[in-house]
Amino acid sequence: MASSSSDRRLGVTGTAVKVPCVVATTANITLSALQTIDGVSLDANDRVLVWQQDTGSQNGIYVADTGAWTRSLDADGTNDLRKGTLVRVNGGGSYSATWFSVSTADPITIGTSTLTWSREAINTSILSSQTASAGQTVFTVPSYQTANNCIAVFVNGIR
């Protein structure tokens, strides 16, 4: 029988899907003070997925604060993060509505292990703009890539 652990402070049972984050980082950041990340001005207690630190052991889920940031209670200890753990990012210009998963091999030691996060395509659409040429005419085509590796192209409202 599988065992699970529970963080009684939060009432969260050792789950592989974490509470969503407000935003994900777009570069290495200072883990203190309220700041703007990916176009979102953070408030105290906002959850932030920090995944692009120069020091990989600093990556993780943090709670923003006016002083030093702390790791989120559901992602700060033994067995809180395992390979495959998922978190959704709700906001930001680059990663809104994006899922991330931990790709670091188990066992993970928070604060010591290099914590690597990967973007996941889970029932998402990714808006992009591709420039193409047709003869002498250059035009921009908006395209939407789905999780099924399909590309739907719309030109003048026609698919």
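## Aromatic cluster

Trp51 has a relative accessible area of 16% and is therefore buried, the cut-off for burial being under 20%. This value, like the others in this report, is computed from a predicted model.

Tyr95 is likewise classed as buried, with a relative accessibility of 11%. Together with Phe100, Trp51 and Tyr95 make up one aromatic cluster. In total, 3 aromatic pairs are counted in the structure. In the pair formed by Trp51 and Tyr95, the ring centres are 5.5 Å apart and the planes stand at 80°, so the arrangement is edge-to-face; the threshold for that class is over 60 degrees. Trp51 belongs to the loop between strand 6 (47–50) and strand 7, whereas Tyr95 belongs to the loop between strand 9 (86–89) and strand 10 (98–102), so the contact ties together parts that are 44 residues apart in sequence.

## The four-stranded sheet

Strand 6, which precedes the loop carrying Trp51, is part of an open sheet of 4 strands. The strand order is 3-6-7-8, and the pairing is mixed. Strand 3 (23–24) and strand 8 (70–71) are the edge strands, each pairing on one side only.

The parallel component is the pairing of strand 3 with strand 6, which extends over 2 bridges; here Val23 is placed opposite Val48 of strand 6. Strand 6 also pairs with strand 7, in the antiparallel sense and over 4 bridges. Val48 has Tyr62 as its bridge partner in strand 7. Strand 7 (residues 60–63) in turn pairs with strand 8 in the antiparallel sense, over 2 bridges, with Val63 opposite Thr70 of strand 8.

## Burial of strand 6

In a regular strand, side chains alternate between the two faces of the sheet. For strand 6, both faces are covered. Arg47 and Leu49 are buried on one side, and Val48 and Val50 are buried on the other. Val48 thus combines a buried position with bridge partnership to Tyr62 in strand 7.

## Internal cavity

Where is empty space left inside the model? Rolling a probe the size of a water molecule over the atoms shows this. A search of the whole structure identifies 1 cavity of 30 Å³ or more, and the volume of the largest cavity is about 30 Å³.

The residues lining the largest cavity are Ser57, Asn59, Arg71, Ile108, Thr109, Ile110, Gly111, Ser113 and Leu115. By class, this lining comprises 3 nonpolar, 5 polar and 1 charged residues. Arg71 is counted as charged, and the range of edge strand 8 (70–71) includes position 71.

Methods
Residues are numbered from 1 along each chain as its sequence is written. This is a predicted model: local features need pLDDT of at least 70, side-chain atom pairs count only at pLDDT 80 or more; totals for chains, interfaces and linings use all residues. Side-chain values use heavy atoms; hydrogens and water are left out. Two strands pair if DSSP finds at least two bridges between them. On a 1 Å grid over the protein atoms alone, a cavity is a set of points where a 1.4 Å probe fits but cannot get out, and a pocket is an open set with protein on both sides within 12 Å along at least five of seven lines; lining residues have an atom within 4 Å of a point. Grid points are joined across faces, edges and corners, and a volume is the space filled by probe spheres set on the points. Rings of Phe, Tyr and Trp (its six-membered ring) pair if their centres lie within 6.5 Å; planes under 30 degrees apart count as stacked, over 60 as edge-to-face and the rest as tilted. Buried means under 20% relative accessible area, exposed over 50%, partly exposed in between (1.4 Å probe, protein chains only).
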